[in-house]
Amino acid sequence: MNPSATTNPANRIGKSGNPALRNAPAGSRSVQSGPATAGDWVSGARLRTLPLAIAPVALGTGAAIVASGPGVFHPVRALLALIVALCLQIGVNYANDYSDGIRGTDANRIGPARLTGSGAARPRAVLTVALAFFALAALAGLTLVILTGQWWLLLVGAVAIVAAWFYTGGRKPYGYFGLGEVFVFVFFGLVATTGTTYVQVGTVNTESWLSGVGIGLIAMAVLMVNNLRDLAPDRASGKRTLAVLIGGTASRVVFCLFLLLAFVIAAFFALFYPLAWLTFFVLLLAVPAGLITVTAKTSAELVLALKLTSFSALAYGLLLALAFAL
């Protein structure tokens, strides 16, 4: 018996049946010698993406206050909407980890190692956690449906969960065909914002729709810079993101355009809500993110731009929601 075959983690994981490791070039594998730690699981939730779930709920709540009048607030329904958004976001992140890992997409990954792709966690365990968060989102959503009596919202929730899964799951995931930005715009922009408003006041107003477009644009910018960082490995793995389809230069331009349009919407709201001008302080984060993205030479720079853009989404959502509420 060859001792290295049992003591070398790369060999041990390589025989686990994980395509992400089996198909990876020897020098590019992200091998973890032990089981996933609590920190690894927290990292797998991709906390930097959670502002994309919080911001639309804040905006939808602010728009609901506009629709129902100052001082009228539905904290329980707002909290349930936030739970739905957060659990969907975390569920999507774990589902992506699982699907990309078993598909072998993460074999050429240059960023932080994923649970499935690195062999730190069994694919079934990652899948189970993803489904658990989808179930929590469904439970919170069902509670909202019961409170509002709007049973047709069950269909919206079901579509959201199915879309979350097939983003990178299934035989032909649409995230592999340049449609990921459409997903985040629709579900973490329009649906999350207008849905939050609707479950609180039973209607959707202009503030909800337009702010949903604004935060959806920033969500697309977050995904774009993320995919720009992964441009080379995604191309090598056959993952045809929008960044892969249009190329690095065009992706940088589109990223800046997404951010610019979001602030055009903020400027429109500032004509009617004086405090909406505070939203332009977010440019202190967004402008550096744009400059870094345009000039970045390394993945580390793009990771920084990703973080700045994600925080921009949170600040944009909170400040514009404050303008609506006050």
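A residue counts as buried when its relative accessible area is under 20%, and in this predicted model 50% of the 326 residues of the chain meet that description.

Begin with the whole chain in a cartoon view, where you will find 15 helices and zero strands. If you then switch to a surface, the chain exposes about 14400 Å², of which carbon and sulfur atoms supply 71%. Among the contacts with a separation of 6 or more, 74% are between residues 24 or more positions apart.

Next, select Ile65, which lies in helix H5 and is buried because its relative accessible area is 12%. Leaving aside residues up to four places away in sequence, Ile65 touches Pro70, Val72, Phe73 and Ala325. Add Ala325 to the selection and look at the two C-alpha atoms, which are separated by 5.8 Å although Ile65 and Ala325 stand 260 residues apart along the chain.

From there, move to Leu326, which is placed in the segment after helix H15 (299-325) and counts as exposed because its relative accessibility is 72%. Select it together with Leu275, Leu278, Phe281, Leu284 and Leu322, and you have a nonpolar patch on the surface whose members share about 620 Å² of accessible area.

Now go to Arg46, in the loop between helix H4 (38-44) and helix H5 (51-68). Most residues other than glycine have a negative phi. The phi of Arg46, however, is positive, near 55 degrees, and with 17% relative accessibility this residue counts as buried.

The last stops concern charged side chains. Side chains of opposite charge can pair when their charged atoms come close. How many salt bridges does a search of the whole structure find? It finds two.

For one of them, select Lys239 and Asp100, whose closest N and O atoms are 3.4 Å apart in a salt bridge. This pair links distant parts of the chain, since Lys239 sits in the loop between helix H11 (231-237) and helix H12 (242-246), while Asp100 belongs to helix H6 (residues 75-103), 139 residues apart. Both Lys239 and Asp100 are buried.

For the other, select Arg229 and Asp230, which form a salt bridge with their closest N and O atoms 2.9 Å apart. Arg229 is buried, because its relative accessible area is 5%, and Asp230 is buried as well, with a relative accessible area of 8%.

Key: Residues are numbered from 1 along each chain as its sequence is written. This is a predicted model: local features need pLDDT of at least 70, side-chain atom pairs count only at pLDDT 80 or more; totals for chains, interfaces and linings use all residues. Side-chain values use heavy atoms; hydrogens and water are left out. Patches are made of residues with over 30% relative accessible area and no salt bridge: like charges are joined within 9 Å, nonpolar side chains (Val, Leu, Ile, Met, Phe, Trp, Tyr) within 5 Å. Accessible areas come from the Shrake-Rupley method with a 1.4 Å probe; for residues, only the protein chains shown count as cover. A salt bridge is a side-chain nitrogen of Lys or Arg within 4 Å of a carboxyl oxygen of Asp or Glu. Helices (H or I, at least four residues) and strands (E, at least two) are DSSP runs, numbered from the N terminus. Buried means under 20% relative accessible area, exposed over 50%, partly exposed in between (1.4 Å probe, protein chains only). Contact means heavy atoms within 4.5 Å.
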